[in-house]
Structure formats: C-alpha cells, structure tokens
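Grab a pencil and work through these exercises with the model open beside you. Try each task on your own before you read the solution.

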Amino acid sequence: KRVTADGVQAMTQFMPENILPRDMPAEEQAALVKAHKPDIVLYQARQGAHKKSKYTFVEVKYCRDTQPQDQIMRAQEQHHELLNAIREHSSSTDTEIQLVVIPLGVAGTIYSSAKQLIQQQLGVTGPPLATLMRNLHLHAVHSLTRIIRYRSIKMGTRMGKQWGQGTAGRHASKGTSGGAHNSSNSSNAPSNQTS
C-alpha cells in the first residue's frame, strides 16, 4: 500500500475490504474481494477538502493490435459486478467510481487512445507520462518474450519424443542412419550378383 501526497492510496495485486462502503455486508465484501482483482486500485477517502470518496480501478489488457475494443469490453464486463455493488451501497453525491481500461497490443503497441485516457482519467502528464508509456511498452515486450519462451518449452516437451522418433525413422527409411537398416535390407533382399 502506498499513499501519495494527495492522500490517494495506491494498491496493487489485491483490494482490501476496508475501502468498500461501510454498510456493505461483510460476506458481500469478502466475495467481491475474492472475485475481483483489478490491476491497480486507487482510493481517495472522503475527508477534509475531498468532498467525495473516489474509487479508480485500473485494468491493463493485452489485445490484438487491430482489435483493442474486444478486451476493453471484456474488462468492463469483468468488473461490472464490483462497480455496481459499490454504487448500490454509496450515494452518488459523495462517491465517484471509474474504471480505466488501458489496452496494450500484444507486441508492445501503445495506442494513442490509451495515452489520452491516462492523461484525462488518471491525470498523468509530462515526463511521468513518457516514463509510464515506456514502461508499459517494455512490460508488454517482456511478457511476450516470456510467453514465446514458455510455449517453445511446452511444445518441445510435448513433441520432443515424437519429433525425435519421427526424424530418426525418416532418416532410417532413407537409409541414412547407422547402416543397420541397410544391412538388414541387403541380407533379406535377393542377390542379383552372379557367382
């Protein structure tokens, strides 16, 4: 948990129950925390100059470079129950809730719409924005590298023996491995030589 100078708590990997509305039943809070794990949760409590409690849920979604909309809709559906539950137990006059979906292309593409979204809805601008964009790009590329490596290992493990046997069999049938195949063929084949 990290608290910024503006009093915003930034939490990743989990969502603590104590930021959910107080009148929400404990069982419902526990179920929501278990079912919903946004990539980032920003929470600003209603106190002092802050007239409203503010929830900002950030979801980073990897998507096909040409079809980011599918993953944006998926993220909205994914956290629909969470947002609705908070709205049901809060007053619109003292609570603000938003979901920010940041789409990233699987090969590290940063969409111009994502940059605008981060500027407008998260208020990140200037050098911090440039750093964030670079880090998101590098994270996507790093993840892609790990995915490719993992898939290569899985494919090699799954196909290794079959591939090796298939290759050996192919060479043997062409008479290029070990000579054993050739010698058996020559012993069984009728001789065309005259003595």
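## Exercise 1: What covers a helix

**Task.** Find two strands that are part of what covers the buried residues of H2.

**Solution.** Keep in mind that you're looking at a predicted model. The cover over the buried residues of H2 includes strand E4 (53–63) and strand E5 (95–105).

Next, pick out the residues being covered. In helix H2 (residues 68–78), the buried ones are Gln71, Ile72 and Ala75. Looking down the axis of H2, you'd see these buried residues within an arc of 105°, so they line one face of the helix.

Here's the general idea behind that: an α-helix has 3.6 residues a turn, so residues three or four places apart point the same way.

## Exercise 2: Another helix, two sides

**Task.** Work out which residues of H4 are buried, and which exposed residues sit on the face turned away from them.

**Solution.** Start with the buried side. Helix H4 (residues 112–122) has Ala114, Leu117 and Ile118 as its buried residues. Seen down the axis of H4, they fall within an arc of 100°, so one face of the helix is lined by them.

Now flip to the face turned away from that buried side: there you find the exposed residues Ser112 and Gln120.

One last step takes you just past the end of H4, where Gly123 has a positive phi of about 70°.

## Exercise 3: Strands side by side

**Task.** In which sense do E4 and E5 pair, parallel or antiparallel? Then do the same for E3 and E4.

**Solution.** Take E4 and E5 to begin with. They pair in the parallel sense, over 11 bridges. You can check two of the positions yourself: Phe57 stands opposite Leu99 in E5, and Thr56 stands opposite Gln98 in E5.

Then move to strand E3 (residues 40–44). Five bridges join E3 to E4, and these two run antiparallel. On this side, Val41 has Phe57 in E4 as its bridge partner. So Phe57 turns up in both pairings, with Leu99 in E5 and with Val41.

Finally, ask how well covered the strands are. In E5, 10 of the 11 residues are buried. In E4, eight of the 11 are buried. Both strands are mostly covered.

## Exercise 4: Two residues that touch

**Task.** Is Val58 buried or exposed, and which residues does Val58 touch beyond four places away in sequence?

**Solution.** First locate Val58: this residue is in strand E4. Its relative accessible area is 3%. The cut-off for buried is under 20%, so Val58 counts as buried.

Leaving out residues up to four places away in sequence, Val58 touches Pro38, Asp39, Ile40, Val100, Ile102 and Leu122.

Let's follow one of these contacts, Asp39. Asp39 lies in the loop between helix H1 (26–35) and E3. With a relative accessible area of 30%, Asp39 is partly exposed. Asp39 and Val58 are 19 residues apart in sequence, yet their C-alpha atoms are 5.8 Å apart.

Val58 and Leu99 are 41 residues apart in sequence, with 5.9 Å from C-alpha to C-alpha.

## Exercise 5: A loop residue

**Task.** Where is Arg46 found, and is Arg46 buried or exposed?

**Solution.** Arg46 is in the loop between E3 and E4. The relative accessible area of Arg46 is 51%. Exposed means over 50%, so Arg46 is exposed.

Now list the contacts. Not counting residues up to four places away in sequence, Arg46 touches Lys51, Lys52, Ser53 and Asp94. Arg46 and Asp94 are 48 residues apart along the chain, and 7.6 Å separates their C-alpha atoms.

## Exercise 6: Step back to the whole chain

**Task.** How many helices and strands does the protein chain have, and what pattern do they follow along the sequence?

**Solution.** Count them up and you get six helices and five strands. Reading along the sequence gives β-β-α-β-β-α-α-β-α-α-α.

Next comes burial: of the 195 residues in the protein chain, 28% count as buried.

Last, look at contacts between residues at least 6 apart in sequence. Of these, 58% join residues at least 24 apart.

Notes
Residues numbered from 1 in each chain as written. Predicted model: local features only at pLDDT ≥ 70, side-chain atom pairs only at ≥ 80, totals over all residues. Heavy atoms only, no water. Buried < 20%, exposed > 50% of the residue type's maximum accessible area, 1.4 Å probe, protein only. Helix = DSSP H or I, 4+ residues; strand = E, 2+ residues; numbered from the N terminus. Arc of directions from axis to C-beta. Contact = heavy atoms within 4.5 Å. Pairing = 2+ DSSP bridges.
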